[in-house]
Every structure is written in structure tokens, then in C-alpha cells.
Amino acid sequence: MIRARITGTGSAVPEKVLTNFDLEKMMDTSDEWIVTRTGIRERRIAAEGEYTSTFAVAAAEKALAAAGVKAEEIDLIVVGTLTPDFPFPATACIVQQAIKATNAFCFDLSAACSGFIYALSTADKFIRSGQVKKALVIGAEVLSRIVDWSDRNTCLLFGDGAGAVVLEAQEGDHGVLSTHMHSDGNYWEILYQKGPGSRKPATHQNVDDKLVYLTMQGNEVFKLAVRAMGEVAQEALEANGFTPDDVTLFIPHQANQRIVDSVGKRLGITGERVFVNLDRYGNTSAASIPIALDEAARAGRLKEGDLLLLDAFGGGLTWGSALIRW
Ligand code: UT7
């Protein structure tokens with residue numbers, strides 16, 4: 001059977017670090033509150049002249065180097081992002097130009113924090129169908145440009161960066177075993193960016209009225225995230241005849257330590273088997289899982305044959321999981 005195997009990973013984050021102590025000087029908050037409620041200690045913030053594509057390109061180049069694949073061998077580039085460089089063209093096309101992946105077709109995918117799982121699933125289907133042999137799947141965000149820096153309920157949760165994987169068609173039992181995705185549009189209003197868009201175009205008035213920022217009902221999102229992430233992880237395991245004990249490493253979306261702990265506890269996957277880096281990056285939305293995956297790979301935490309469980313949740317609502325034999 002042809003499967004999509006991850007043959008290289010890469011990630012890139014801005015150099016600028018914004019700590020909770022820096023935030024204490026900017027707004028009415030405390031390191032103690034942020035750490036207790038979220039587990040986040042610092043996040044990376046893009047500098048002037050750095051864009052979503054800046055990090056997507058850097059992550060892609062590292063993933064290609066790790067895989068030993070040349071850019072012109074890539075047939076498909078998919079970028080999961082909710083903060084593209086422009087509404088159009090796709091950031092994937094900007095990445096294509098930068099890395100000279102001249103033979104690829106390219107598009108972005110909008111599934112908020114589930115963007116990487118959705119993109120991975122899409123690329124996996126193209127590979128299984130035989131249409132694509134090698135794909136670049138990227139999750140990339142510059143969330144610092146869509147948060148309202150005067151809203152302490154949201155701004156301190158998010159960070160910037162990108163992660164990428166090279167997927168290659170290979171015969172055998174290794175690679176993406178299955179992906180599972182769900183959405184519930186009934187809840188789109190609990191987590192979304194108000195504009196600019198066709199509802200709230202980029203008028204002076206809409207900017208003055210702050211109708212251009214991310215907004216979130218944190219408590220609601222929290223409850224739904226724990227349930228949905230637990231269920232879709234279980235679904236992935238059952239679909240493949242595994243139990244939580246079979247999972248070598250669980251890489252959940254890095255939104256909040258309490259969400260990660262609750263989902264892990266529900267599944268019975270805890271401690272060393274759960275990968276966490278949200279303390280250093282905050283919530284990087286679609287970039288969070290591929291950055292974590294790259295850090296796990298480079299830290300030597302992934303051995304051939306290991307079973308990886310990826311699990312995400314985000315605006316839409318969207319959620320999804322992927323089970324991977326490394
Ligand atoms: O990627 C998926 C997207 N998002 C998420 O996964 C986020 C999910 N939600 C969460 O992570 C949590 O709901 C938050 C971290 C956003 C908030 O934590 P919470 O435990 O749900 O706090 P809360 O919103 O219930 O607020 C508790 C209190 C409030 O004060 P009162 O009304 O109880 O007096 C807030 O005003 O904490 C206050 N508060 C803050 N205090 C200091 C809210 N933000 C801050 C802050 N610093 N930054």
C-alpha cells in the first residue's frame with residue numbers, strides 16, 4: 001500500500017522573545033496568572049519585515065534539507081494558516097517562488113488551529129491517489145498582527161512561527177496511517193477574526209471600531225476543545241485497532257497546558273509521552289503541531305516504528321487527529 005511518509009521536518013520562529021514579565025509592563029496582567037491559567041511563559045514575535053512566508057520558507061528549507069529532497073522535486077505545497085501574507089495569492093505560492101519549487105501546485109488551507117492536520121490530511125489523500133509523489137505541508141502564522149494588544153484576554157496567548165514536513169509516497173507500513181477531521185459551524189462565533197473581509201472591509205471606521213482583530217470566548221473554547229480533542233484522538237486509535245498504550249508520543253495542539261493535561265488524562269497518555277513546548281511559544285495556531293514535531297524529531301525523541309498521535313482543535317470550529325507510524 002502507498003502511504004505518505006514524513007521524511008523531513010523543519011521549523012522557524014522569530015528571534016524576538018516576549019516574556020510574561022515583558023507583558024506585565026504593557027498591561028494589567030501577571031506572570032503568575034498567565035502561567036497558572038495557560039502554562040505559557042514566553043512567545044516569539046515577528047519583527048518588522050518578517051511575514052508568515054518568512055517563517056514558512058525557512059521551515060520548508062530545513063524540512064527539504066532534512067529529507068534530502070530538492071525543491072523542484074516537490075509536486076504540492078499546502079500551507080495551513082489563518083494569517084496569510086495576503087488574502088490572495090496563497091502564501092503557498094510565495095513559498096514556491098522563494099524556494100524555487102517550480103513543479104509544484106500550491107494552495108493555502110483555512111482551518112485555523114487545525115490547519116496543519118487538515119493540510120496533512122489533504123496532502124496524504126493526493127499521495128495515496130498517486131497524483132502527488134512529494135509534498136511540502138506547512139503550518140505558518142504571524143498571529144501577533146491580528147491580536148488586539150489592548151485585550152489581555154487574548155493577546156498574550158498567541159505567538160508566531162512555522163513548521164513544515166516533507167511527505168513522500170512510499171510502499172509499506174510507515175507514514176500517515178489515518179487522519180480524522182470534524183467541523184461544527186454552529187460555533188464559528190466563539191473564535192474568529194472580525195475583519196477585514198467581505199463583512200467588515202478595511203475601512204477607517206472598521207479599524208477604529210476594532211473590527212479587525214481576533215476575538216474569542218475562552219471558556220467556551222476551552223470546554224469544547226477538551227471534549228473534541230479527546231474524542232477525535234480516540235477515533236484515530238480505534239480506526240487502527242490501537243489503544244492509548246500503543247502511542248509512543250502524543251503531540252497535541254499547543255494552546256493551553258490545562259487543555260493538554262485534560263485531554264491527556266482523558267486518553268490515559270501522560271508524562272513523557274506528551275510533547276509540550278507551549279511554555280516557550282504560546283499558541284502558534286496551525287504552526288504549533290509541526291513546530292513540536294520538528295523539535296521532537298531533532299531532539300531524537302522519534303525512532304523508526306514509533307506511533308505518533310497528532311491532535312488539534314481550532315476556530316470554525318474545526319478539529320482533527322492523525323496517527324503516524326514513524
Ligand atoms: O487554539 C484554540 C484557541 N484557543 C484556546 O484554546 C483557548 C482556550 N481557552 C483558554 O485557554 C482559557 O479560557 C483562557 C486562558 C483564555 C482564560 O482562562 P480562564 O481560566 O478561562 O479565565 P477566565 O476567562 O474565566 O478569566 C478569569 C479571570 C477574569 O477575572 P474575573 O472576571 O474572574 O474577575 C478575567 O478578567 O481572569 C481575568 N483575566 C486576566 N487576569 C490577568 C483574563 N485575562 C487576564 C490576564 N491577566 N491576562
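Strand S1 and strand S7 are a good place to start in this predicted model: S7 covers residues 160-171, and the two strands pair in the antiparallel sense over 10 bridges. To see one of these pairings for yourself, find Gly10 and look across to S7, where its bridge partner is Ala164. Now look at what surrounds S1, which runs from residue 2 to residue 12. Of its 11 residues, 9 are buried, so the strand is largely enclosed by the rest of the structure. It may help to keep a general picture of strands in mind as you turn the model. In a regular strand, side chains alternate between the two faces of the sheet.

Let's step back and view the whole chain. Its secondary structure comprises 10 helices and 13 strands. How does the radius of gyration of the chain compare with that of a compact globule? For 326 residues, a compact globule would come out near 20 Å, and the chain has 19 Å, so the two agree. Along the principal axes, the C-alpha atoms fill a box of roughly 55 × 45 × 35 Å. Buried residues make up 56% of the chain. Contacts tell you about the fold too: among those with a separation of 6 or more, 77% are between residues 24 or more positions apart.

What about the outside? The accessible surface of the chain is about 13800 Å², and carbon and sulfur atoms account for 49% of this area. Charged side chains are part of the picture as well, with 32 positive and 41 negative ones in the chain. The centres of these two sets lie 1 Å apart.

Next, visit two helices. Helix H4 spans residues 91-99, and its buried residues are Thr91, Ala92, Ile94, Val95, Gln96 and Ile99. Which elements do they pack against? Their neighbours are helix H3 (52-67) together with strands S4 (76-80), S5 (105-109) and S6 (134-142). After H4 comes Lys100, which has a positive phi, near 60°.

Helix H10, residues 288-298, is mostly covered, with 9 of its 11 residues buried. You can trace the buried stretch from Ser288 through Ile289, Pro290, Ile291, Ala292, Leu293, Asp294 and Glu295 to Ala296. Just after H10 you will meet Gly300, with a positive phi of about 75°.

Finally, zoom in on two single residues. Val260 sits in helix H8, which covers residues 257-267. Is Val260 buried or exposed? Its relative accessibility is 2%, and residues under 20% count as buried, so Val260 is buried. Leaving aside residues up to four places away in sequence, Val260 touches Pro252, His253, Val274, Val276 and Leu278. For a sense of distance, compare its position with Phe250: they are 10 residues apart along the chain, and their C-alpha atoms are separated by 9.9 Å.

The other residue, Trp319, belongs to strand S13, residues 318-325. Trp319 has a relative accessible area of 14%, so it is buried too. Which residues does Trp319 touch, not counting those up to four places away in sequence? The list includes Ser114 and Tyr118, the run His180, Met181, His182, Ser183 and Asp184, and also Ala228, Val232, Ala312 and Phe313. Asn219 gives you another landmark: Trp319 and Asn219 are 100 residues apart in sequence, and 17 Å apart in space from C-alpha to C-alpha.

Notes:
Residues numbered from 1 in each chain as written. Predicted model: local features only at pLDDT ≥ 70, side-chain atom pairs only at ≥ 80, totals over all residues. Heavy atoms only, no water. Buried < 20%, exposed > 50% of the residue type's maximum accessible area, 1.4 Å probe, protein only. Helix = DSSP H or I, 4+ residues; strand = E, 2+ residues; numbered from the N terminus. Pairing = 2+ DSSP bridges. Rg over C-alpha atoms; globule rule 2.2 N^0.38 Å. Contact = heavy atoms within 4.5 Å. Areas by Shrake-Rupley, 256 points an atom, 1.4 Å probe, with all protein chains shown as cover. Lys, Arg positive; Asp, Glu negative; His and termini not counted. Charge placed at Lys NZ, Arg CZ, Asp CG, Glu CD.
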